[in-house]
Amino acid sequence: MSTRVNPELVEELSAYGAEDVQKCFNCGNCTATCSLAEEHENFPRRSMRALQLGMEDRLKGGLEPWLCYYCGECSTLCPRGAQPGETMMSLRRWLTSRYDFTGISRLFYRRPRVEVVSVIVVALLTALGFSLFGFLRGNIHEYNGANSFLPAATIHIFDWSLAGVLLALLIPNIFRMWWFTVGRETMGRSRAMRVPAAAYLRSVYLFPLHFITQKRYAQCERRRPWLVHLALMLSYVTMLVLIMFFLKYMWAATIDWRVHVFGYLASAGLIFATVWAIIGRLKKMEAQHQHSHESDWIFLILLLVVALTGVAQHVLHRSGADAAANVAYVVHLMGVVPMLGLEVPFSKWSHMAYRPLAMYFATLRKHMVPAPIPEQVAGGMQTELVS
Ligand code: SF4
Ligand code: SF4
């Protein structure tokens, strides 16, 4: 791997939230404290050192920031106040911007006002588009039926189209993450290592496992942040499955408890986890809530808007206030579209994909073996020919 040094790296990272890196004198207290650090993935001290030395390529090819769950223990115990936990969080933002092939992520993280304006513009365009569509083809006083303001079938097509756009943006970024962390060492021109194909297959379950359970977080000293994170992830995944595959049941005139009970639990989980995080950040109660980047607030506010308007729309519809339910639905979509179209591929939501992938890639790296050198291959062929 190249060892290009970037002397501006510490300054560059400060735009992503890491402001105290130079205070670190490499005592190693943080790594000794961290219950997630391992022999192979020995962080955060090593990341702090690499940052101080400007080792950009090493950091870009590393997975350590994704293996940290920001419990904040290391920051609390750092004798120099170098904020290693917050630095790992900032590195995750920085890595997200490195993986992103469009440059939008870098722009959003470095200039949060651009992100806020983009979210507002997309939200307003969404409101305009759906309102025009609704008024031109239907009646605001009807929620279901042929004359409905926003027909379920159209919304379903829109949801799947949005999912397609989202994947088209996210998949190249995931490929770049794989390339930086595994691919270029195993497939690059200076190919020195390889991961056996069987290891790729054997370990692939790690992605869904860590995506859904976030189980690595449970190894941290305090269990509560993991439980909240778990509630958030389970609620989010449940809601996604309901919207993508069970929308007609959610939309039906009568409540189908076999489906709706999951919707109620998911809504409660989303609201609880979001409110907990907002209060924590306002009160700065936990170590991981001491420092908030603008992107953290955008993420939380959008999530709260989406969850509350989803509940409002449902309650209004069930109580017969169809016009108000349609208005609540348009506001709901004003949160959903920027959240899925901007936040998932380019900002904090993308961490949901990168973190469990990091668990998968870290395991692949443990399975790396030296690639056979050409002479060995040629020698082997010769031996076969002679025999
Ligand atoms: S971040 Fe703090 S605890 Fe960790 S090595 Fe640096 S000075 Fe020591
Ligand atoms: S924030 Fe917690 S998980 Fe992350 S490096 Fe520090 S001690 Fe480890």
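The exercises below, each with a worked solution, concern a predicted model of a protein with one of its ligands.

**Exercise 1.** Describe the overall make-up of the protein, beginning with its helices and strands.

*Solution.* We start with the secondary structure, where the protein has 19 helices and two strands. Next we turn to the dimensions, and find that the C-alpha trace spans about 80 × 60 × 35 Å along its principal axes. Finally we ask about burial, and find that 35% of the 387 residues are buried.

**Exercise 2.** Determine whether the length of helix H15 agrees with the span expected from its number of residues.

*Solution.* Helix H15 covers residues 257-283, which is 27 residues. The expected span is 1.5 Å times one less than the number of residues, and therefore H15 should span 39 Å. The end C-alpha atoms of H15 lie 38 Å apart, which agrees with that expectation. Just after the helix comes Lys284, whose phi is positive, near 55 degrees.

**Exercise 3.** Identify buried residues of H15 and the helices against which they pack.

*Solution.* The buried residues in H15 include Gly263, Ala266, Gly269, Leu270, Ala273, Thr274 and Ala277. An α-helix has 3.6 residues a turn, so residues three or four places apart point the same way. The packing partners of the buried residues of H15 are helix H13 (224-245), helix H14 (247-251) and helix H16 (294-318).

**Exercise 4.** Characterise the shell of residues around ligand 1.

*Solution.* The shell holds 13 residues, of which Cys24, Cys27, Asn29, Cys30 and Cys78 are the closest. Sorted by class, eight are nonpolar, three polar and two charged. Helix H2 (29-33) and helix H3 (45-52) each contribute at least two residues to this shell.

Definitions and conventions. Residues are numbered from 1 along each chain as its sequence is written. Chains are lettered from A and ligands numbered from 1 in the order in which they are written. This is a predicted model: local features need pLDDT of at least 70, side-chain atom pairs count only at pLDDT 80 or more; totals for chains, interfaces and linings use all residues. A residue is near a molecule or strand if its C-beta atom, placed from the backbone, lies within 6 Å of it. Helices (H or I, at least four residues) and strands (E, at least two) are DSSP runs, numbered from the N terminus. Ala, Val, Leu, Ile, Met, Phe, Trp, Tyr, Cys and Pro count as nonpolar, Asp, Glu, Lys and Arg as charged, and the others, Gly among them, as polar. A residue is buried if 20 or more other C-beta atoms lie within 10 Å of its own, exposed if 12 or fewer, and partly exposed in between; C-beta atoms are placed from the backbone. Two residues are in contact if their C-beta atoms, placed from the backbone, lie within 7 Å.
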